[in-house]
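Got the viewer open? Let's take a walk through this one, a selection at a time.

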Amino acid sequence: MTARNALPVPKNGAPPPQTPAVGAVPAANDGPGALALYQQVKDFISRKIQDGSWPAGTRLPSEHELVAQFGMSRMTVNRALRELAGQGRVVRVPGVGSFVAEDKPQSTLLQIANLADDVHHRGHDYACKVLLVERVSASMETAALFGLRTGESVFRAVCVHLENGLPVQLEDRFVNPRVSPDFIHQDFSRQQPSEYLVRTAPYDEMEHVVDAVMPTAEQALQLEMPTAEPCLLLTRRTWMQGVPVTFARFLHPASRYRLGSRFRTDGNAR
């Protein structure tokens, strides 16, 4: 009598196929759904960063060491490091090695943050480089946003905000002179335009919109970044008792900055 669960014997005499043990984990090359080799290296490094084993500034094992550790080709390890660098988690210094990147500064989306305070809170140096503060004629777009006639006067300020000497934000702002008539006379190297407006023309309504954009050649020059790298563009509008106060665009190099918020279910930011 033949056992019901016996494996069939191939006609060519080859040994019967082995049945995988229950719960066995497939090897990395066990099919198209298996984890790619370079992803294994990325996950290993990411876990070390996330659990605090490798804090910011830590030098990673060399490509040669990772090749020996994982038994993979140098090309595979190199791809993992390149992708981590592209995600801003690792900084690669030619001829020196790879290092855990510093956390990107983050600005809130639920309120108007004081950038200078945020930078100082991180223990870094803040500076503001004022490019221009002037009275201009409102374009069709700006006039529509402020409820003015095209050609009416509005104030414009353009500033570059720096953290430890590195530009992190390019601010291009238009202000309604009917709401803030003294805006044009302020020294914004000493206080941010947003700080002045919150103090003198407090908003009761605000709109934030975030887009991913590529910088113009002039913007890239002001932010000291390549034109081929993307930016985060935060567009802000504020109102006071239904009257438009300001319309501003804040451009951030995506590799240096991020935007986000945490809040409770009652709507209050944390």
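Start by selecting Glu134, which you'll find in strand β4 (residues 126-137); strands here are DSSP runs of E with at least two residues, helices are runs of H or I with at least four, and both are numbered from the N terminus. Before you click on, know that this is a predicted model, where local features need pLDDT of at least 70 and side-chain atom pairs count only at pLDDT 80 or more, while totals for chains, interfaces and linings use all residues. Residues are numbered from 1 along each chain as its sequence is written, and side-chain values use heavy atoms, with hydrogens and water left out.

Is Glu134 buried or exposed? At 33% relative accessibility, Glu134 counts as partly exposed. (Buried means under 20% relative accessible area, exposed means over 50%, and partly exposed is in between, with a 1.4 Å probe and protein chains only.) Now add Ile184: Glu134 and Ile184 are 50 residues apart in sequence, yet their C-alphas are 6.5 Å apart in space. Leaving aside neighbours within four places in sequence, Glu134 is in contact (heavy atoms within 4.5 Å) with Val154, Phe155, Arg156 and Ile184.

Keep Phe155 on screen and add Phe183, Phe188 and Tyr196: ring pairs link these four into a cluster. Rings of Phe, Tyr and Trp (its six-membered ring) pair if their centres lie within 6.5 Å; planes under 30 degrees apart are stacked, over 60 edge-to-face, and the rest tilted. A search of the whole structure turns up 6 aromatic pairs.

For one of them, select Phe44 and Phe70: their ring centres are 5.3 Å apart and the planes meet at 75°, so this pair is edge-to-face. Phe44 lies in helix α1 (residues 37-50) and Phe70 in helix α2 (residues 63-70), so the pair ties together parts 26 residues apart in sequence. Phe44 counts as buried at 16% relative accessibility, while Phe70, at 24%, counts as partly exposed. Then hop to Phe183 and Phe188, a tilted pair with 4.8 Å from centre to centre and 40° between the planes. Both Phe183 and Phe188 are buried.

Last stop: Gln169, in strand β6 (residues 166-175). At 8% relative accessibility, Gln169 counts as buried. Which residue shares a side-chain polar contact with Gln169? Show His252: the two side chains are joined by a polar contact of 3.0 Å. (That term means a pair of N or O atoms within 3.5 Å; within protein, one must be able to donate a hydrogen and the other to accept it, and residues adjacent in sequence count only if both atoms are side-chain atoms.)
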